[in-house]
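Me: I would like a close look at one part of this model, the surroundings of its ligand. Please keep to what can be read from the atoms, and add the other local features afterwards.

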Amino acid sequence: MSKYYLNYLDELESEAIYILREVWAQFENPVILFSGGKDSILVTHLAKKAFYPSKIPFALMHVDTGHNFPETIQFRDDLVEKLGVKLIVGSVQESINNGRVAEEKGKNATRNALQITTLLDAIESNKVDCAIGGGRRDEEKARAKERFFSHRDDFGQWDPKNQRPELWNLLNGKHFEGEHFRAFPISNWTEMDVWNYIKRENISIPSLYFAHEREVVFRNNSWIPVSEYLKLEEGENVENKKIRFRTLGDITITGGIESDADTLGKIVQEVSAMRKTERGDRSDDKRSETAMEDRKKQGYF
Amino acid sequence: MIIDNNQLLRFTTAGSVDDGKSTLIGRLLFDSKSIFEDQLESVSNTSAKKGHDGVDLALFTDGLKDEREQGITIDVAYRYFTTPKRKFIIADTPGHIQYTRNMVTGASTANAAVILIDARHGVIEQTKRHSFIASLLNIPHLIVCINKMDLVDFSEEVYNGIVTQFEEFSSKLLMKDVRFIPISALLGDNVVNRSKNTNWYQDGTLLSTLETLHISSDINKIDARFPVQTVLRPQSEENRDYRGYAGRVASGIYRVGDEVAVLPSGFQSKIKSINAGEQEVQEAYAPMSISMTLEDDIDVSRGDMIVRKNNQPEMEQEFDVMLCWLANDAAKPRAKYTIVHTSHEERAIIKEVVYKMDINTFERDSENSNLSMNDIGRVKIRTTRRMMLDAYRDNRNTGSIILIDESTNETVAAGMVV
Ligand SMILES: Nc1nc2c(ncn2[C@@H]2O[C@H](COP(=O)(O)OP(=O)(O)O)[C@@H](O)[C@H]2O)c(=O)[nH]1
Ligand SMILES: [Mg+2]
């Protein structure tokens, strides 16, 4: 076989860099939507490669629900400082204070859906015309339909049945005033690809992904971390467990798994043996069959 | 899993409604152990709700609410699975004629097309249309799966009859690598596991075929083409004079020291350095994303193309393309569109529709010059300035274009340079 071919990780990397450069070339004011999770860290890492030796030409935008893991915020601030990029924070707490949204009530209340308003407000007030996300098509069935360049109307909404066809590598980011795009450079990566690449490149990620001791309660089939926001229900006990997180979302809804994987090598091994998808432990996706599709249409990540 | 050198293979599936596409994909995912427990659980629940006995494998692929409710595929859905040999991306495209545009989309980046034929019905109009599109989009490998063999008693005769039928009509199409496999997507025969019911069939299963297709030469390695996406000009002190031309190699190989020309200006220079990310490399090839610097300080910007001095594309302002119309509103003769070709954009008009293709009979109709949604035809395009073109047959990356309607910003057509 000729030596002039790429292995799959190099090809995914090359595709993502191509998309990031197209974003830069086609839009006026793009940002990276940065959650502090591994996917947005990966996108940021790829952006660094795409524009080297220049600095990353995008600001990082974080939609802060106020229900964070402190480790995530620390990680975010350190990264922003290291890269010398601008950080834009959209605050869900502020949206609540301003009356833009109302806090959900009841025992399964989360701020997950509230993020949509804060996100769209931040996009509008910062005149962002393209928000780069770490969404992957393998994550969820509605995401499997996403384009690399995904159009949002002037209400920030997604119309999955009426998307622009995307052929070859020709990306059409043309838009009218008030509309914006979402760009998904790692659309074609799976969870396994992400971990293999993070390991290969030795990308630093929040300590939460590695196995550690933590106070948790067992709820909805996973270990929910104890935090100031957690209200214990009857019959629930706080336990000390060695766990790690597969995805990072709000501290109130992100469940951990019992694990001994405390190195990238062990994580890769563990993930390749997993029999459940990574979103299987997130209560935001469990609400209904089409929970993700419904949120995405409104403007969710 | 040792996967460091594994390649990525993209394939698309085509077949008419109910030929078993979704079931086949579900089967591939299931038998290659790419389905997770919670996905299985969710699909089992839905299967039970719909009154199926057992798991309806087809449900693994349909994603949107309407698709699940109506049991049809509307838009291209992408699926992923990995075996110890390769990573696969499946573009699952709907089969019906009104979704031709989606099939074209899925086909545009595919290394291989899997075409399904229902063993009970043999080659039908849809089969011809799908094969035509696969050949038009120059998909390098075609795998024809004769499905539902369980419903024809795994008959070798039926299978051979369909193979002959297929070969007869497809001789009119340009296709390099065509294979046939008798399968049952429902029961799993010859999908991942070899069937005990087809002892007369000696070749590989669908999965082993996909794992071993030779795809390294699918990309043109001869004609070096590097469309410039953006120019890197770092603001820092130590890089004050740095000008890096960033892009993805569309085809061919570039080495430090190569004598190159920058098109359209024609200025010549030599490659001074090549970077892949932070790393300096000596050579780069398609489809690598790189940046390069040149020995001379010449004016290069987005939309330019860096090529080898002695191997250049055609520079044309008027040219023919096979155009697939994607939009609701029909093509307007002499209306202005934006044409996008690699990183280069111009304005364009459709000067003339030379003929329209009947995609079921492959006949050319030169009387009919009306291109509406899902139609394919040969047109003459004229652009405001010269474009740097290769024939699509020789180079999928530098022989493809899209048209954008300036009044709606929609992508209205996809074209292949003839
Ligand atoms: N007997 C039999 N039925 C099949 C086979 N493959 C698919 N089917 C059935 O054919 C119907 C249509 O299949 P589906 O996968 O939805 O077709 P699609 O429209 O091409 O996606 C379903 O009822 C399947 O169970 C097969 O190999 N044998
Ligand atoms: Mg289907």
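Which helix of chain B gives the largest share of the shell around ligand 1?

Reply: This is a predicted model. In it, helix H1 of chain B, residues 21-31, supplies the largest share of the shell around ligand 1, with 3 residues. The shell as a whole holds 16 residues, and the closest are Asp18(B), Lys21(B), Ser22(B), Thr23(B) and Asp150(B). By class, the shell is made up of 5 nonpolar, 6 polar and 5 charged residues.

Two of these closest residues also appear among the polar contacts. For Lys21(B), the protein partner is a backbone N or O atom, which lies 2.8 Å from an oxygen atom of ligand 1. Asp150(B) takes part through its side chain instead: an N or O atom there is 2.8 Å from a nitrogen atom of the ligand. Leu186(B) makes a further contact through its backbone, where an N or O atom is 3.2 Å from an oxygen atom of ligand 1. As for cover, ligand 1 taken alone exposes 580 Å², and the protein buries 78% of that area.

Apart from the ligand shell, chain B has a helix pair to describe. Two packed helices are described by the angle between their axes and the distance between the axes. For helix H4 (residues 100-108) and helix H5 (residues 125-136) of chain B, the angle is about 40° and the axes are 10 Å apart. That angle is why H4(B) is classed as oblique to H5(B). The crossing of H4(B) and H5(B) is right-handed.

The remaining features concern the backbone. Most residues other than glycine have a negative phi, and most peptide bonds are trans. In chain B, the peptide bond joining Leu263(B) and Pro264(B) is cis, with omega about 10°. Pro264(B) sits in the loop that runs between strand E11 (259-263) and strand E12 (267-276) of chain B.

Chain A has a cis peptide bond from Tyr52(A) to Pro53(A), with omega near 5°. Here the proline, Pro53(A), belongs to the loop between helix H2 (38-51) and strand E2 (59-64) of chain A. Another residue of chain A, Trp168(A), is not a glycine, yet has a positive phi of about 45°. Trp168(A) is found in the loop between strand E5 (149-152) and strand E6 (180-183) of chain A.

Methods. Residues are numbered from 1 along each chain as its sequence is written. Chains are lettered from A and ligands numbered from 1 in the order in which they are written. This is a predicted model: local features need pLDDT of at least 70, side-chain atom pairs count only at pLDDT 80 or more; totals for chains, interfaces and linings use all residues. Side-chain values use heavy atoms; hydrogens and water are left out. A residue is near a molecule or strand if one of its heavy atoms lies within 4 Å of it. A polar contact is a pair of N or O atoms within 3.5 Å; within protein, one must be able to donate a hydrogen and the other to accept it, and residues adjacent in sequence count only if both atoms are side-chain atoms. Accessible areas come from the Shrake-Rupley method with a 1.4 Å probe; for residues, only the protein chains shown count as cover. Helices (H or I, at least four residues) and strands (E, at least two) are DSSP runs, numbered from the N terminus. Ala, Val, Leu, Ile, Met, Phe, Trp, Tyr, Cys and Pro count as nonpolar, Asp, Glu, Lys and Arg as charged, and the others, Gly among them, as polar. Axes are lines fitted to C-alpha atoms, for helices over the stretch in contact, and angles run from 0 to 180 degrees between N-to-C directions. Angles under 35 degrees count as roughly parallel, over 145 as roughly antiparallel, 65 to 115 as roughly perpendicular and the rest as oblique. A crossing is left-handed if the near helix is turned anticlockwise from the far one by less than a right angle, and right-handed if clockwise.
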